[in-house]
Amino acid sequence: MTTIALCQIPVSPDPSTNLKRAREALSRAEGADLAIFPEATLTRYGRRITDLAEPLDGPFVSGLAEAAREHGLAVIAGTFEPGDGRVRNTAVALDAQGELRAAYRKIHLFDSFGAKESDLVEPGAEPAVVELAGLRIGLITCYDVRFPELGRALVDRGAELFAVIAAWGSGPLKEDHWTTLVRARALENTMWTAAVGQAPNPGESSDGYGVGRSMLVDPLGVVRADLGTAPGVQVVEIDRAYVEAARATLPCLQHRVL
């Protein structure tokens, strides 16, 4: 068994506030092997991200690393790195000693539903699988979850768990899209999937980012945990033995032709 803390926090425009909230969430994740935070945990989306982006040795990631060491658990969280005129939307993976093990730059940018993420963010190019807490974890960021080929690429790189982090936008059918897509990626790959989104934060922004609904989905697409919309931390268990049973029942990965 591996224990994972789904850390559904509201995200402020202020990085110091968000680091404090992340630290508080980690203090509630005692006993977990891994804590997962949302996309853009550094700061809310908006034009300000180009000014607030930090290098990976900056105060935000360094603060997360210190907290990871303090609590003895690995951490995945979203940040923004400075780029060449634009920023990179980066998922960082820190081990329980606070060492940076991977930095995944979001490949698929959210130029949809009237938004244009590519105005501010430069795309990444490489899928990322990182070993944390004894698992090989494939990293997926928000809009990426709409692209099943990324999930397959992560499977081919040996992923044993998908970690999906998001600042999902609200709107008609959007919450339904989120839950359907997360379950689909789990089911079609017979893969445990831990998906963590921002909690709604209407008091600080009207941009609509953050619908909550962080989930743990098992390899047959069954939702084992759903945090709803309120901020919260829920510790869940991943039973790796269940993957073998699920894939014996549904050997779709063996039946791939393309």
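Just after helix H3, glycine 72 takes a positive phi of about 65°. The model described here is a predicted one, and this report proceeds from H3 to the two sheets and then to helix H5 and the loop that holds serine 214.

**Helix H3 and alanine 68**

Helix H3 comprises residues 59-71. Its 13 residues reach 18 Å from the first C-alpha to the last, close to the 18 Å expected at 1.5 Å a residue. Phe60, Val61, Gly63, Leu64, Ala65, Ala67, Ala68 and His71 are the buried residues of H3. They pack against helix H1 (15-27), strand S3 (74-82) and strand S4 (87-94).

Alanine 68 belongs to this helix. Its relative accessibility is 0%, so alanine 68 counts as buried. Leaving aside residues up to four places away in sequence, alanine 68 touches Leu73, Val75, Asp95, Ala96 and Gly98. Proline 148 lies 80 residues from alanine 68 along the chain, and the C-alpha atoms of the two are separated by 31 Å.

**The sheet containing S1 and S12**

Strands S3 and S4, against which H3 packs, belong to an open sheet of six strands in the order S5-S4-S3-S2-S1-S12, with mixed pairing. Its edges are strand S5 (100-105) and strand S12 (232-238), each of which pairs on one side only. From one strand to the next, the twist averages 30°. Strand S1 (residues 2-8) runs antiparallel to S12, and seven bridges join the two. Within this pairing, threonine 2 has isoleucine 238 of S12 as its bridge partner.

**The sheet containing S6 to S11**

A further open sheet of six strands follows the order S6-S7-S8-S9-S10-S11, again with mixed pairing. Strand S6 (129-132) and strand S11 (223-226) form its edges, each pairing on one side only. The twist in this sheet averages 20° from one strand to the next. S10 and S11 are paired in the antiparallel sense over three bridges, and leucine 216 stands opposite alanine 225 in S11. Helix H4 packs on the sheet, where it touches S6, strand S7 (135-141) and S8. The direction of H4 makes about 160° with that of S7.

**Helix H5**

Helix H5 (residues 174-188) has 15 residues and reaches 21 Å from its first C-alpha to its last, close to the 21 Å expected at 1.5 Å a residue. Lys174, Trp178, Thr179, Leu181, Val182, Arg185 and Ala186 are buried in this helix. Viewed down the axis of H5, these buried residues fall within an arc of 165°, so they line one face of the helix. Their packing partners are helix H4 (148-156), strand S8 (161-166), strand S9 (192-197) and strand S10 (215-217). The three strands S8, S9 and S10 are members of the sheet that runs from S6 to S11, and H4 also packs on that sheet.

**Positive phi values**

Most residues other than glycine have a negative phi. The table gives residues of this model whose phi is positive.

| Residue | Location | Phi |
|---|---|---|
| Glycine 72 | just after H3 | about 65° |
| Threonine 190 | following H5 | near 40° |
| Phenylalanine 113 | loop between S5 and S6 | near 50° |
| Arginine 213 | loop between S9 and S10 | near 60° |

Phenylalanine 113 has a relative accessible area of 54% and is therefore exposed.

**Serine 214**

Serine 214 lies in the loop between S9 and S10, as does arginine 213. With a relative accessible area of 0%, serine 214 is buried. Its side chain is joined to that of glutamine 8 by a polar contact of 2.7 Å. A polar atom of the serine 214 side chain also lies 3.0 Å from the backbone nitrogen of glycine 197. Apart from residues up to four places away in sequence, serine 214 touches Gln8, Ala195, Val196, Gly197, Ala225, Asp226, Leu227 and Gly228.

These contacts can be placed on the two sheets described above. Glutamine 8 falls within S1 (residues 2-8), a strand of the sheet that ends in S5 and S12. Ala195, Val196 and Gly197 fall within S9 (192-197), whereas Ala225 and Asp226 fall within the edge strand S11 (223-226). Alanine 225, in addition to touching serine 214, is the residue that stands opposite leucine 216.

Notes:
Residues are numbered from 1 along each chain as its sequence is written. This is a predicted model: local features need pLDDT of at least 70, side-chain atom pairs count only at pLDDT 80 or more; totals for chains, interfaces and linings use all residues. Side-chain values use heavy atoms; hydrogens and water are left out. Helices (H or I, at least four residues) and strands (E, at least two) are DSSP runs, numbered from the N terminus. The expected span of a helix is 1.5 Å times one less than its number of residues. Buried means under 20% relative accessible area, exposed over 50%, partly exposed in between (1.4 Å probe, protein chains only). The arc is that of the directions from the helix axis to the C-beta atoms. Contact means heavy atoms within 4.5 Å. A polar contact is a pair of N or O atoms within 3.5 Å; within protein, one must be able to donate a hydrogen and the other to accept it, and residues adjacent in sequence count only if both atoms are side-chain atoms. Two strands pair if DSSP finds at least two bridges between them. Axes are lines fitted to C-alpha atoms, for helices over the stretch in contact, and angles run from 0 to 180 degrees between N-to-C directions.
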